[in-house]
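Work through the exercises below with the coordinates open, and attempt each task before reading its solution.

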Amino acid sequence: MISLDDFEKYARDNLPKKVFNYVSNGAADQQTLHDNRNAFKRLRIRPRVLRDVSKRDLSATIIGQHVPFPIGICPTAIQKLSGSDGETATARAASSMGTIMILSTYATCSIEEVAHAAPTGHLWLQMYLFTDRKLTADLIHRAERAGYKAIVVTIDSPIAGNRLNDERYGGFNPAVRIPNVEGSSYRPVSGSVQPAYGPDELSESLTWSDIRWVKTLSSLPVIVKGILSGDAAREALAAGVDGILVSNHGGRQLDGVPASIDALAEVIAVTQGTNVEVYLDGGVRLGTDVLKALALGARAVFIGRPVWWGLTYKGEEGVRKVLELLRDELSLAMALSGCSSVGDLGPSMLTRGPSSNL
Ligand SMILES: Cc1cc2nc3c(=O)[nH]c(=O)nc-3n(C[C@H](O)[C@H](O)[C@H](O)COP(=O)(O)O)c2cc1C
């Protein structure tokens, strides 16, 4: 297990095929899924040389929280399907490494269970906004009471993307429980892979005014997840958000949108000079990917599918190994490119390589 590829291979060989497909799939033709990786490869690093890199500081401050390295965990639903303890294992791993975990609304462990598992963790709650406003508000209040540090609203999913392989391979129709929404008006859609995606539950009529409403519900910072353009970033600023997660949902929503890393510079340009922090997820698999995103101005990156691979490998310990590996690769990439702190990274360190080399 010396690269994230090894973890992916382990998951492919050991997860039930349906589950591996659910995790690895993108939407439709999967163009964006693949482009998330390829776009990182198109960017090349221009290393600095003969800098003293004997001491390297990977730490960062994210929404006021000190983290030892800027790699967090993005929300992925129903993690117990990995055969592990699911989100509590992920939270313990993130907490032991001092980094951030974003819990999905559609988790298989409740907001409170996860907080209990990682009492000193940097936990954020990801929200889908439901047609049932009381349910939405209750979840945010529960997160605040349980000590979560931020609310992340996913804004690229007024409706689920066209995940053809989920349809091809059918649903789990499992005894999967989504405790956060149990007892509400939410009803599982029988046979669906992701049981909570029912047309009546997710609000398709969301607008920026709903983000302003979310801001009034608690004192927690609000981050929007799913921005891919400067125009959308401008609207987010106008709505008063505290952070922007540049993301295309791991290529699972609208196929054909840009790779996250290709959209980053445009969003950074809009937020420059403001207090709004910008993060990125989508296709981060190598320390050099992290370095590239930070060089373009991201405050932190988040990983999704690799967490599943770690969970499949060894639960909490597996997720910790995934985080350690990426952290150590980032440290190495910084040393070899002449950077001793993340503040040394900047866009002049990157150039575009010929795409024929992919
Ligand atoms: C299995 C799976 C489940 C996901 N569930 C959610 C979710 O519940 N909420 C959400 O905002 N994003 C969800 N996402 C998207 C991730 O948060 C993230 O944007 C994406 O996985 C990042 O790309 P990566 O997997 O290439 O690292 C999910 C992604 C996967 C692979």
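**Exercise 1. State how many cavities of 30 Å³ or more the structure holds, and describe the largest cavity.**

Solution. The structure holds two cavities of 30 Å³ or more, where a cavity is a set of points, on a 1 Å grid over the protein atoms alone, at which a 1.4 Å probe fits but cannot get out. The largest cavity has about 370 Å³ of space, a volume being the space filled by probe spheres set on points joined across faces, edges and corners. Next, take its lining (residues with an atom within 4 Å of a point): there are 26 such residues, and Pro 75, Thr 76, His 249, Arg 252 and Gly 304 are the closest to the centre of the largest cavity. Helix H2, strand S11 (300-303) and helix H12 each give two or more residues to this lining. By class, the lining of the largest cavity comprises 10 nonpolar, 10 polar and six charged residues.

This is a predicted model, in which local features need pLDDT of at least 70 and side-chain atom pairs count only at pLDDT 80 or more, while totals for chains, interfaces and linings use all residues. Residues are numbered from 1 along each chain as its sequence is written, and side-chain values use heavy atoms, with hydrogens and water left out.

**Exercise 2. Locate the ligand and identify its polar contacts.**

Solution. The ligand sits in the largest cavity, meaning that more than half of its atoms lie within 2 Å of the grid points. Around the ligand there are 23 residues, of which Pro 75, Ser 104, Thr 154, Gly 283 and Arg 285 come nearest, a residue being near if one of its heavy atoms lies within 4 Å. For polar contacts (pairs of N or O atoms within 3.5 Å), begin with a ligand oxygen, which is 2.7 Å from a side-chain N or O atom of Thr 154. A ligand nitrogen lies 3.1 Å from a polar backbone atom of Ala 77, and an oxygen of the ligand lies 2.9 Å from a polar backbone atom of Gly 304. Taken alone the ligand exposes 600 Å², of which the protein buries 99%, using Shrake-Rupley areas with a 1.4 Å probe.

**Exercise 3. Determine which helices supply at least two residues of the shell around the ligand, and how the shell divides by class.**

Solution. Helices H2 (17-24) and H12 (305-336) each supply at least two shell residues, helices being DSSP runs (H or I) of at least four residues and strands (E) of at least two. The shell divides into eight nonpolar, 10 polar and five charged residues, with Gly counted among the polar ones.

Technical notes
A polar contact is a pair of N or O atoms within 3.5 Å; within protein, one must be able to donate a hydrogen and the other to accept it, and residues adjacent in sequence count only if both atoms are side-chain atoms. On a 1 Å grid over the protein atoms alone, a cavity is a set of points where a 1.4 Å probe fits but cannot get out, and a pocket is an open set with protein on both sides within 12 Å along at least five of seven lines; lining residues have an atom within 4 Å of a point.
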